[in-house]
Amino acid sequence: MTPSQADPDFYLNVIQEDFARFTESLGETMAEVVRIENMFGRDYQNAYDPANFDNEWEEAYQQILQNIKDMNVLTNEAGLTNHTAMGQFYEAYTISLLVDFFGDVPYSQALQAPDILNPVPDPGADVYAAAIGLLDSAIANFNAGGSVDPQNDFFYDNDYDQWILACNTLKLRLYKNTGNNAAFNSIIASGDFIQDSADDMQFQWGTNEVQPDTRHPDYADNYTVTGGADYMSIYLMEIMDLSDDPRIRYYYYRQNATVPGSDGTPPNEETLDCSLQAPPPHYAAGGFTFCTLPNGYWGRNHGNDAGTPPDGLLRTIPGVYPVGGLFDDSSFAESGLGAGGGGNGVTPILLASTVDFWRAEVATAGGAAAAKPFLLDGIAKSIAKVQTFGSRDPGADLSTAPTEADVDAFLASIEADFDAADDEGKLNIWAEQFLVSLKGNGHDGYNMYRRTGFPTTMEPNLELDPGAFIRSFFYPANAANTNSNISQKTTVTVQVFWDTNPASPGFPVGN
């Protein structure tokens with residue numbers, strides 16, 4: 001069967017799933033470098049092998065973009081404007097994510113084999129401009145009032161008003177990154193963007209274990225007969241635990257009540273070798289927590305690449321938000337296949353709370369204090385969204401869930417700390433809370449950190465001299481090895497076109 005004989009609905013189905021997996025995978029990596037998730041690698045230059053990204057590159061070009069191109073042959077002929085518009089959104093998001101992750105990437109010459117086998121990378125600014133053009137076209141197509149709906153719209157169930165909100169919200173991200181505050185504020189003034197969490201763009205995963213496995217990928221990795229495969233970030237867990245963050249029981253599930261070496265328990269080299277070690281000098285000097293946290297939050301420090309002990313059924317694992325796992329009701333039971341929500345989590349893509357944090361950043365042009373109302377709105381929306389996920393774990397004792405009074409007390413404490421802080425402290429609070437809100441997709445956290453250099457309070461790498469921070473990732477090995485027009489970077493310090501902060505090293509504190 002040739003593409004012209006295919007069904008546009010079938011194309012759209014596979015495009016949507018590939019788009020979700022592509023976004024989830026690169027979002028996870030971005031989350032790792034900014035401590036939302038744990039990074040396994042002491043040296044930034046070598047933490048991520050170029051071959052790590054071969055699959056994502058293939059998903060972007062050979063699957064998402066190629067299938068959109070082939071689908072458009074059918075949708076343009078049949079006047080399926082809504083199908084076309086969705087494809088334009090997915091294309092705009094995909095190519096802008098490629099720029100944010102890798103820098104200059106092929107676009108104008110891509111997907112033209114056999115005429116062009118070695119497409120030249122386009123400047124990132126040109127790809128961004130193309131993405132904005134695609135979004136404008138998508139909005140026009142949604143407004144055209146096409147009479148035929150896609151069979152399956154996995155994001156908005158064919159609500160085209162919501163799709164237009166998503167298009168404008170993605171434009172907000174692109175304008176925010178490039179510093180185009182006039183265009184950003186113009187969209188804000190229109191009110192035509194995601195403001196309510198009911199309009200959030202997210203991909204809903206299922207609960208099937210096999211044929212196909214529709215579960216959230218992080219659930220599939222961590223809810224197994226041998227327990228968790230990932231370590232949670234000590235940095236993020238500590239921020240949340242110390243502040244009594246109402247989201248912590250949703251984000252993390254503790255399989256054990258204590259961590260060796262914490263809460264008066266003896267160290268245990270078999271399950272946590274660092275519990276017998278002294279903190280590195282730069283951790284001790286900076287007052288950063290090394291190895292153990294209280295209250296059973298068992299994770300790893302940034303850059304810890306030590307071997308894996310038999311702690312899969314002891315360590316803290318992802319909770320009910322966003323992966324559809326277990327709500328932490330202090331039962332401290334082992335996880336397992338099918339536990340909690342069975343993997344029916346989400347991959348967040350564009351959230352109302354994120355827009356509030358962007359607006360807070362723009363507001364700081366009038367002084368850091370001007371960020372406060374948007375900061376508090378963003379936190380409140382994030383908490384309210386996360387709390388709706390408690391019901392996804394039918395076996396949980398939700399009597400342990402934070403109350404409205406707990407939420408109010410937390411917001412009041414953030415406001416008090418913000419008011420008492422100097423300008424740098426205010427920006428650190430904003431940036432830390434932004435990172436906390438981005439659990440599930442680190443795309444905007446990585447962008448924020450490169451854009452602003454905040455928070456300056458971020459936990460350092462476990463290695464004293466890990467090299468300069470990753471400003472963009474190496475090109476995938478297959479792309480660099482087979483495309484004569486792609487030269488592999490010699491260093492991860494190459495900055496994407498909109499990243500105008502001081503060049504590495506020394507950004508923001510060198511580790």
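Helices (H or I, at least four residues) and strands (E, at least two) are DSSP runs, numbered from the N terminus. I worked on a predicted model, where local features need pLDDT of at least 70 and side-chain atom pairs count only at pLDDT 80 or more, while totals for chains, interfaces and linings use all residues. Residues are numbered from 1 along each chain as its sequence is written, and side-chain values use heavy atoms, with hydrogens and water left out.

**Entry 1: the disulfide**

I looked for disulfides (cysteine sulfur atoms within 2.5 Å of each other) and found that the structure holds one. The bond joins Cys274 to Cys291, with an S to S distance of 2.0 Å, and with 80° about the S-S bond this link is right-handed. I then placed both ends along the chain: Cys274 sits in the loop between strand S4 (252-253) and helix H10 (281-286), while Cys291 sits in the loop between H10 and strand S5 (317-318), so that the pair links distant parts of the chain, 17 residues apart. Both Cys274 and Cys291 are buried (under 20% relative accessible area, where exposed is over 50% and partly exposed in between, with a 1.4 Å probe and protein chains only).

**Entry 2: inside H10**

Having met H10 as the element separating those two loops, I looked up His282, which lies in this helix. I note His282 as buried, because its relative accessible area is 16%.

**Entry 3: helix H5 and what follows it**

Does the length of helix H5 (residues 160-178) agree or disagree with its expected span? The expected span is 1.5 Å times one less than the number of residues, so the 19 residues of H5 should cover 27 Å, and the end C-alpha atoms are indeed 27 Å apart, which agrees. I also checked how far H5 is covered, and 17 of its 19 residues are buried, which leaves the helix mostly covered. I looked up Cys167 as well, and this residue counts as buried because its relative accessibility is 0%. Just after H5, I noted that Gly179 takes a positive phi of about 75°.

**Entry 4: Gly191**

I found Gly191 in the loop between helix H6 (181-190) and strand S3 (201-204). With a relative accessible area of 29%, Gly191 is therefore partly exposed. I compared positions with Leu165, which is 26 residues away along the chain, and the C-alpha atoms of Gly191 and Leu165 are separated by 9.0 Å.

**Entry 5: backbone geometry to double-check**

Most residues other than glycine have a negative phi, and most peptide bonds are trans. I listed the following exceptions with some care.

The peptide bond from Tyr321 to Pro322 is cis, with omega near 0°, and I located Pro322 in the loop between S5 and strand S6 (346-350). The peptide bond from Phe454 to Pro455 is likewise cis, with omega near 5°, and Pro455 lies in the loop between helix H15 (443-452) and helix H16 (477-482).

Which loop holds Phe332? I found Phe332 in the loop between S5 and S6, where this residue has a positive phi of about 55° although it is not a glycine. Phe332 counts as partly exposed because its relative accessible area is 26%.

Asn295, in the loop between H10 and S5, has a phi near 65°, a positive value in a residue other than glycine. I recorded Asn295 as partly exposed because its relative accessibility is 34%.
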